[in-house]
Amino acid sequence: MEPKIRFQNVSYFYGDRPALRGVTLDIPPNAITVIFGPAGGGKTTLLRLINRLNDEVEGTRMTGRVLLDGQDIYTPGVDVPLLRRRVGMVFALPLPLPGTVRENILYGPKLAGVRDQARLDEILERSLRLAALWDEVKDRLDDPASRLSGGQQQRLCIARSLAMEPEVLLLDEPTSGLDPISTGKVEEALQELKHQYTIVIVPHSVQQAARVADYAAFFLMGELVECQPGRDLFTTPRDRRTEDYITGRFG
Amino acid sequence: MGKFTFSSNPSHPRWGEFAIESTIRLLAFSSIGFVILIFFFLIREGLPIFWEVSPDNLFGTRWYPNFGLFGTVPLILGSLLVTVTAILIALPLGVATAVFVREVAPNWAREILKPMIEILAGIPSVVLGFFGMTIVAPLVREVLGAPTGLTAFTGAIILAYMALPTIISVAEDALDAVPKSYRDAGLAMGATQWQTIWRVVVPAARSGIVTAVMLGLGRAIGETMAVMMVTGNAARMPLTLDSLFRPIRTMTATIAAEMGEVAQGSVHYHALFGIGIILFVITFIINATAAVTIFKKPRRGGLR
């Protein structure tokens, strides 16, 4: 199957400090790819390159190419807001925007120019159902989003990304602030979502990496050490450093 | 040297410490005391007017102290008209400037703009009044075809200018306090930079921006000198549609203009202090509203 996202020899620098060194990685569609490794390994940078969010950071430099569906997303003339609608992102902290649950979900579609009320209602219900949140909030759609619990807020953020009907969903430690039950709900939601979306996740622990990974990529100090189907990587890692990390010998 | 041996001996009381502590305490209490004294004095001199003159007269529409007419309504309305117009001008300008300085301007431009805005705050009001008389007033007369350039509108422009630095600095702080993650979240949803600013960052800073406006309002309504110089000082009721482009008189200008020539203890004298009380009540309400919005911290869901 054609990879959804391809990194071709990508290096990335904050000033002089390298964050990624010559990364070449293919991310397959309709699967969960886990990007994991110790802190400072370039995982978040890698995610933020896919939706060009790092464009906002000053004093950075990049070499190599990032392809989405075979197209270089860093060529001049790429419509960045449009790219970001195709590539949704969920952050480590649940981050409801000011406003109600409904406003949060419909923020993206409205920006994209959807005005038809019936269509908006449909998007609202569909996204909340996909994020496994509908049953909990269907009677509270006009409550302030900040009044939801932490776990609900994070699923709200996932629903908000899904409302734009993206093709790719990036998740940067989406459950780091959540309790185990909420974490479980988010992970279950991801298992449903992967049939329709390409999911790239930076997990907040090795255990989570092992639980959700269809494919797993281990990063150490900006370098891609290895990438394998999750089942293989967590049972028979090829590289000694990967083995040391997943068995808890360092990290 | 003697001092050192003295204070390092714990069996002696530490006089130096005690003296400093008492001085600071005295200074602190005296500043509170002054506020109380001012308040007391204002009440003592101003309150009598509320029974010396009938309410009909006091809240009438004509202010002619020489004829025993003390209608404060035109003055109150004058102040409100000038102040509200000033805020209507200063609010969009101030918020837009704050957004530009904080969100859009490159670093070097920000480094130039911020000190300039602070300098703006330091311009004495009489200088602004002079500027208003010689430059803004002729402009108002010629461009708008008003009979005179000394109008409520001229005063509002000058007041807006005076309130701007306050509004800009406070609004800018409010924008600065919005976590970077909000901007990321907006951008990550495919919003452009402007959409992110207007739909995510500014709403998130809303309470701080309200405070900024309140503080600007407080500054504007109490302003005297510049307003007195450019508003024409005619105590007429600003009820017609063109009132904005006619002379007006504010409460502050009335007190400043008439206090010098009034007999102490006269009805007129009490009336001026009575205006002071009314002004105090209005600014108190504004400041209290601002304080409530400051202390009522909005819950930023999930964020610490």
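# Two chains and the terms used for them

Q: How many residue pairs are in polar contact across the interface of chain B and chain A?
A: The rule finds two residue pairs across this interface, both at pLDDT 80 or more. A polar contact is a pair of N or O atoms within 3.5 Å; within protein, one must be able to donate a hydrogen and the other to accept it, and residues adjacent in sequence count only if both atoms are side-chain atoms. This is a predicted model, in which local features need pLDDT of at least 70, side-chain atom pairs count only at pLDDT 80 or more, and totals for chains, interfaces and linings use all residues. Residues are numbered from 1 along each chain as its sequence is written, chains are lettered from A and ligands numbered from 1 in the order in which they are written, and side-chain values use heavy atoms, with hydrogens and water left out.

Q: Which elements give two or more residues to the side of chain B that touches chain A?
A: They are α9 (180-188) and α10 (193-204) of chain B. The label α stands for a helix, a DSSP run of H or I with at least four residues, while β stands for a strand, a run of E with at least two; both are numbered from the N terminus. The largest share, eight residues, comes from α9(B).

Q: What makes B:Asp184 and A:Arg48 a salt bridge?
A: The closest N and O atoms of B:Asp184 and A:Arg48 are 3.0 Å apart. A salt bridge is a side-chain nitrogen of Lys or Arg within 4 Å of a carboxyl oxygen of Asp or Glu, so the pair qualifies. The count between chain B and chain A is one salt bridge.

Q: How many residues does the contact take from each chain?
A: Chain B gives 24 residues and chain A gives 25, where contact means heavy atoms within 4.5 Å. About 2100 Å² is buried between the two chains, 64% of it on carbon and sulfur atoms. Buried area is the accessible area (1.4 Å probe) that two parts lose on being put together, summed over both. B:Ala188, B:Met189 and B:Arg199 supply 30% of the area that chain B buries against chain A, more than any other three residues.

Q: Why is A:Ser182 called buried?
A: Buried means under 20% relative accessible area, exposed over 50%, and partly exposed in between (1.4 Å probe, protein chains only). A:Ser182 has 9%, so the word buried applies. This residue sits in helix α7 (residues 180-193) of chain A, and its side chain makes a polar contact of 2.9 Å with that of A:Asp179.

Q: What makes helix α1 (residues 43-50) of chain A mostly covered?
A: Seven of its eight residues are buried. Among them are A:Leu46, A:Leu47 and A:Arg48. The helix is followed by A:Arg52, whose phi is positive, near 55 degrees.

Q: How do you know that B:Glu223 has no salt bridge?
A: The nearest side chain of opposite charge, B:Arg219, is 5.2 Å away. The rule asks for a distance within 4 Å, so this pair does not qualify. Lys and Arg count as positive and Asp and Glu as negative; His and the chain ends are not counted. B:Glu223 is buried, and its side chain reaches the backbone nitrogen of B:Met225 at 3.1 Å. A polar atom of the same side chain lies 3.0 Å from the backbone nitrogen of B:Ala226.

Q: What links A:Lys4 and A:Glu167?
A: They form a salt bridge, with the closest N and O atoms 2.9 Å apart. The pair joins distant parts of the chain, 163 residues apart. A:Lys4 counts as buried at 11% relative accessibility, whereas A:Glu167 counts as partly exposed at 27%.

Q: Why is A:Arg240 called exposed?
A: Its relative accessible area is 58%, which is over 50%, so the word exposed applies. A:Arg240 meets A:Asp244 in a salt bridge (3.5 Å, N to O). Both lie in helix α10 (residues 240-246) of chain A, four residues apart, about one turn of the helix. A:Asp244 counts as buried at 16%.

Q: Why is A:Asp69 called partly exposed?
A: Its relative accessibility is 40%, which falls between 20% and 50%, so the middle class applies. A:Asp69 is in the loop between β4 (60-68) and β5 (71-72) of chain A. Its phi is near 50 degrees, a positive value in a residue other than glycine.
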